[in-house]
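Q: I have a model open and want to learn to read its features. Can you take me through them one at a time?

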Amino acid sequence: MTKFKSDFLHTLAERGFIHQVSDETGLDDLLTKETVTAYIGYDPTASSLHVGHLTQIMMLHWFQATGHRPISLMGGGTGMVGDPSFKEEARKLMTVDMIEDNITSLKHVFAHYLDYEKTGNAAMMINNAEWLRPLNYLEFLRDVGRHFSVNRMLSFDSVKTRLDREQSLSFLEFNYMILQAYDFVELAKRYDCRLQMGGSDQWGNIVNGIDLGHRMGTQQLYALTSPLLTTSSGAKMGKSASGAVWLNADLMPIYDFWQYWRNTEDADVIRFMKLFTTLPMAEIERLSKLGGAEINEVKKILATEVTAILHGRAAAEEAAETARKTFEEGAVAENLPSVEIPAAELEAGLGLLSLIVRAGLAASNGEARRHVQGGAVRINDQPIADERKVIGSGELTADNLIKLSLGKKKHILVRPA
């Protein structure tokens with residue numbers, strides 16, 4: 001591992017964040033001499049980011065924690081185009097109102113990782129719509145577009161992948177890499193931003209920005225990317241069996257978020273602690289020596305620490321306590337995720353398969369049937385083997401709810417509405 005002088009690169013290296021750096025020595029020297037500004041861009045394609053974005057968010061967090069100034073760049077302009085990198089097809093186009101609504105929603109997440117009011121190196125949230133939406137097309141082609149070689153753009157993996165598969169790449173998407181490069185130049189001129197960070201799939205786009213900056217007279221710019229993260233079994237981070245693991249609590253209940261991290265594979269626990277928590281490395285090293293049954297306690301620490309950063313310590317500990325009551329005591333914990341079913345429907349009776357789908361534990365009746373046939377479904381902790389069973393008010397407990405379980409770790413409280 002390269003030995004860095006700057007606190008930031010040293011921290012990133014020992015925690016496993018670094019994949020590529022455009023000029024390690026130059027960037028390391030710069031970071032030791034002055035307060036540097038760096039950015040990561042996020043296109044507001046949804047109202048929430050997901051776990052797959054956490055690596056980059058934590059990079060911004062450590063950038064600020066080691067004395068530098070981070071920019072969370074919102075793609076209010078680039079979001080109207082959509083990043084084609086390694087996508088099989090074009091993103092659906094969004095209206096300006098949709099983009100603005102998503103940006104408003106995303107701001108809440110960043111506030112948990114970055115301090116936008118810190119004296120000396122406050123984080124900044126900037127929207128690239130400020131300079132992209134007013135652009136004059138002809139002037140942009142003349143002043144910026146002339147610096148780009150189509151031959152070179154066609155050689156980028158993100159473009160080649162689409163073309164090699166004979167999948168359409170629109171002219172609109174082809175322009176994305178020019179706009180992203182121009183973002184870097186504008187941020188360099190407006191805010192003295194010297195570093196762009198991102199996932200390894202963004203390397204070509206970031207280097208484009210460095211090259212454009214050189215041609216348009218900026219100071220030397222730098223690139224730093226993190227490895228694209230998968231679990232030890234090869235699964236993509238940010239996805240679970242039931243869909244995306246969102247960071248916004250309205251899309252992903254806090255208990256489910258905690259449980260996602262509690263279910264981390266044994267081989268990934270320490271790696272994820274380094275990446276997604278702020279626990280000191282000495283403490284992580286101590287925990288790494290635990291094995292056997294103790295690994296489950298380490299997983300709970302991981303889940304609680306990650307959840308505490310995003311949702312607050314009290315909410316994280318409440319989720320941990322809910323899990324303890326559910327699994328260790330077999331109790332019905334009130335804080336479990338719930339679904340409301342009209343009381344009249346419960347009175348009349350609802351098919352088990354339909355209830356499983358309504359509760360979000362299966363995507364279809366066929367999938368629900370397979371769960372029942374596999375012995376994974378329980379009502380009020382009692383196994384249910386009859387896929388034709390009708391669930392009704394007779395299953396309501398003294399607390400006026402029904403506990404629906406899939407396997408050992410997924411529980412939903414069914415409440416009459």
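Q: How far apart are arginine 215 and aspartate 211 in helix α11 (residues 203-215)?

A: Helices (H or I, at least four residues) and strands (E, at least two) are DSSP runs, numbered from the N terminus. Arginine 215 and aspartate 211 are separated by about one helical turn, because they are four residues apart in helix α11.

Q: What should I know about the model and the numbering?

A: This is a predicted model: local features need pLDDT of at least 70, side-chain atom pairs count only at pLDDT 80 or more, and totals for chains, interfaces and linings use all residues. Residues are numbered from 1 along each chain as its sequence is written, and side-chain values use heavy atoms, with hydrogens and water left out.

Q: What do arginine 215 and aspartate 211 form?

A: A salt bridge is a side-chain nitrogen of Lys or Arg within 4 Å of a carboxyl oxygen of Asp or Glu. Arginine 215 and aspartate 211 form one, with the closest N and O atoms 3.0 Å apart.

Q: How many salt bridges does a search of the whole structure find?

A: The search finds 16. One of them joins arginine 271 to aspartate 268, with the closest N and O atoms 2.8 Å apart. Glutamate 283 and arginine 286 also meet through their side chains, at 2.9 Å, N to O. Both lie in helix α14 (residues 281-288). They are three residues apart, about one turn of the helix.

Q: Is aspartate 268 buried or exposed?

A: Buried means under 20% relative accessible area, exposed over 50%, and partly exposed in between (1.4 Å probe, protein chains only). Aspartate 268 has a relative accessible area of 1%, so this residue is buried. Its partner arginine 271 is partly exposed, at 32%. In the α11 bridge, arginine 215 is partly exposed at 48%, and aspartate 211 is partly exposed at 24%. In the α14 bridge, glutamate 283 is partly exposed at 27%. Arginine 286 is partly exposed at 45%.

Q: With which side chain does aspartate 43 make a polar contact?

A: A polar contact is a pair of N or O atoms within 3.5 Å. Within protein, one must be able to donate a hydrogen and the other to accept it, and residues adjacent in sequence count only if both atoms are side-chain atoms. The side chain of aspartate 43 makes such a contact with the side chain of tyrosine 176, at 2.6 Å. Aspartate 43 lies in the loop between β2 (37-42) and α3 (54-65). At 18% relative accessibility, aspartate 43 counts as buried.

Q: How is a pair of aromatic rings described?

A: By the distance of the centres and the angle of the planes. Rings of Phe, Tyr and Trp (its six-membered ring) pair if their centres lie within 6.5 Å; planes under 30 degrees apart count as stacked, over 60 as edge-to-face and the rest as tilted. By this rule the count comes to nine aromatic pairs. Tryptophan 261 and phenylalanine 276 form a tilted pair, 5.1 Å centre to centre, with 55° between the planes. This pair links distant parts of the chain, 15 residues apart: tryptophan 261 in helix α12 (residues 254-262) and phenylalanine 276 in helix α13 (residues 269-276). Phenylalanine 272 and phenylalanine 276 form an edge-to-face pair, at 5.6 Å centre to centre and 65°. Both lie in helix α13, four residues apart, about one turn of the helix.

Q: Which residues form one aromatic cluster?

A: Phe257, Tyr260, Trp261, Phe272 and Phe276. Tryptophan 261 is buried. Phenylalanine 272 is buried at 3%, and phenylalanine 276 at 2%.

Q: Which residues does leucine 9 touch?

A: Contact means heavy atoms within 4.5 Å. Not counting residues up to four places away in sequence, leucine 9 touches Phe4, Ile18, Glu24, Leu27, Asp28, Leu31 and Leu224. Leucine 9 is found in helix α1 (residues 7-15) and counts as buried, at 0% relative accessibility. Leucine 9 and leucine 224 are 215 residues apart in sequence, yet 9.9 Å apart in space, C-alpha to C-alpha.

Q: What order do the six strands of the open sheet have?

A: Two strands pair if DSSP finds at least two bridges between them. The order is β1-β6-β5-β2-β3-β4, with mixed pairing. The edge strands β1 (20-21) and β4 (124-127) each pair on one side only. β2 pairs with strand β5 (residues 193-199) in the parallel sense, over three bridges. Threonine 37 stands opposite cysteine 193 in β5.
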